Number of protein chains: 2
Amino acid sequence: MTISFGSGRSRLVQMKQRIDECREQPDDDENCPVRGIMDRIGSKWSVMLIMVLAERPHRYGEIRRAVPDISQRMLTQTLRELQQDGLISRHVHPTTPPTVEYRLTQLGLTLLDPLSGLLNWAETHSEAIVAARLAYGAADGRVDPGLQSAV
Amino acid sequence: MTISFGSGRSRLVQMKQRIDECREQPDDDENCPVRGIMDRIGSKWSVMLIMVLAERPHRYGEIRRAVPDISQRMLTQTLRELQQDGLISRHVHPTTPPTVEYRLTQLGLTLLDPLSGLLNWAETHSEAIVAARLAYGAADGRVDPGLQSAV
DNA sequence: CCGAATCCTTACCGATACTG
DNA sequence: CAGTATCGGTAAGGATTCGG
């Protein structure tokens with residue numbers, strides 16, 4: 001995007017201030033939605049389902065086939081959560097047998113850009129991260145979390 | 001801005017293809033790092049610690065004071081994970097008492113931009129999401145997940 | 001075809017106490 | 001100051017079974 005490179009830092013600092021303010025009011029939930037949203041993003045299957053629906057609207061069984069290693073329990077539950085957040089919508093066609101179609105909402109579409117930005121970062125730097133994980137705990141098998149200064 | 005609006009969608013679809021390929025090989029771990037990275041991002045404290053260190057390098061106790069509601073167990077554990085991924089570095093100054101400073105690495109700095117993009121999205125649309133959560137389960141208290149067609 | 005409901009096994013994570 | 005070690009409650013999530 002057109003925003004300069006160093007902008008991420010200052011925006012993050014401002015963000016932290018706002019989240020800190022949330023902690024002041026012990027209302028527990030509802031007052032700091034950013035935290036809840038990030039938890040949702042980080043949940044095991046949300047991003048995967050969003051990616052599937054980003055391609056095109058899908059029926060329930062289609063999603064199930066597109067993501068074979070999800071249990072129907074978690075598929076339904078995650079769909080409900082995303083629906084509850086207004087990111088996807090559920091459309092029932094009164095046919096026999098019933099046909100249910102899920103698709104991204106307008107709100108869900110706006111998420112695609114920042115989300116793909118993060119995923120692109122993950123893919124771009126995945127090799128560096130795997131390398132870092134291997135380098136950690138180096139030496140002769142000794143696990144010595146002592147001093148190290150790799151910038 | 002040079003990037004068109006719908007770019008997020010196509011990039012996400014491509015991303016899904018690559019993650020699907022990862023599932024083909026049952027090596028379980030190491031072969032699909034994107035999944036692991038996203039889990040890390042979504043973990044409870046990682047983003048918060050990154051935000052703190054985005055401001056400036058911090059000592060252990062400083063982070064602890066900056067994030068009061070984290071246990072020292074999770075603080076140390078999350079710091080180790082981020083260090084292992086090469087996102088932060090740990091510097092021990094051999095003083096008495098010991099002084100340990102954490103800071104973002106070059107790799108960690110590159111994460112700030114896409115991460116702040118996502119956080120900005122979360123903050124921007126937080127009201128819409130809260131509204132959607134309230135709207136879900138509307139009517140007279142009846143929870144009827146039947147048919148609905150809000151976009 | 002599209003779910004809901006139940007059971008049950010893990011892992012996360014907080015609290016607490018102890019070390020160098 | 002900057003951690004490590006251990007215990008235990010809780011909740012996420014998989015397998016399975018039943019319903020409309």
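1. Contacts along chain A: of those between residues at least 6 apart in sequence, 40% join residues at least 24 apart, a contact being heavy atoms within 4.5 Å. One pair to look at is A:Gly61 and A:Val100, which sit 39 residues apart in sequence and 9.0 Å apart in space, C-alpha to C-alpha.

2. Before going on, the ground rules. This is a predicted model, where local features need pLDDT of at least 70 and side-chain atom pairs count only at pLDDT 80 or more, while totals for chains, interfaces and linings use all residues. Side-chain values use heavy atoms, with hydrogens and water left out, residues are numbered from 1 along each chain as its sequence is written, and chains are lettered from A and ligands numbered from 1 in the order in which they are written.

3. Chain A has seven helices and three strands, taking DSSP runs numbered from the N terminus (H or I, at least four residues, for helices; E, at least two, for strands). Along the sequence the order is α-α-α-β-α-α-β-β-α-α. Of its 151 residues, 44% are buried, where buried is under 20% relative accessible area, exposed is over 50% and partly exposed is in between (1.4 Å probe, protein chains only).

4. Helix 2 of chain A is mostly covered, with seven of its 10 residues buried. Those are A:Pro33, A:Val34, A:Ile37, A:Met38, A:Arg40, A:Ile41 and A:Gly42.

5. Now its partners in chain B. The axes of helix 2 (residues 33-42) of chain A and helix 2 (residues 33-42) of chain B come within 8 Å and cross at roughly 160 degrees; axes here are lines fitted to C-alpha atoms, for helices over the stretch in contact, and angles run from 0 to 180 degrees between N-to-C directions. So helix 2 of chain A is roughly antiparallel to helix 2 of chain B (under 35 degrees is roughly parallel, over 145 roughly antiparallel, 65 to 115 roughly perpendicular, the rest oblique). A:Met38, A:Asp39 and A:Gly42 meet B:Met38, B:Asp39, B:Ile41 and B:Gly42. By class, the residues of this contact are three nonpolar, two polar and two charged, counting Ala, Val, Leu, Ile, Met, Phe, Trp, Tyr, Cys and Pro as nonpolar, Asp, Glu, Lys and Arg as charged, and the others, Gly among them, as polar.

6. Helix 2 of chain A and helix 6 (residues 106-124) of chain B pack at about 125 degrees, with their axes 9 Å apart. That makes helix 2 of chain A oblique to helix 6 of chain B. A:Val34, A:Ile37, A:Met38 and A:Ile41 make the contact with B:Leu118, B:Leu119, B:Trp121, B:Ala122 and B:Glu123. The class split is eight nonpolar, no polar and one charged.

7. With helix 7 (residues 126-135) of chain B, the axis of helix 2 of chain A comes within 10 Å and crosses at roughly 80 degrees, so the two helices are roughly perpendicular. A:Pro33, A:Gly36, A:Ile37 and A:Arg40 meet B:Ser126, B:Ile129, B:Val130 and B:Arg133.

8. Which residues touch the most other members of the largest nonpolar core? A:Leu119 and B:Leu119 do, out of 77 residues; such a core is a set of buried Ala, Val, Leu, Ile, Met, Phe, Trp, Tyr and Cys residues joined through side-chain atoms within 4.5 Å. Neighbours within four places in sequence aside, B:Leu119 is in contact with A:Leu12, A:Met15, A:Val34, A:Met38, B:Val47 and B:Met51.

9. One for the charge-minded: A:Lys16, in helix 1 (residues 7-24) of chain A, counts as buried at 6% relative accessibility. Not counting residues up to four places away in sequence, A:Lys16 touches B:Met51, B:Val52 and B:Ala66.
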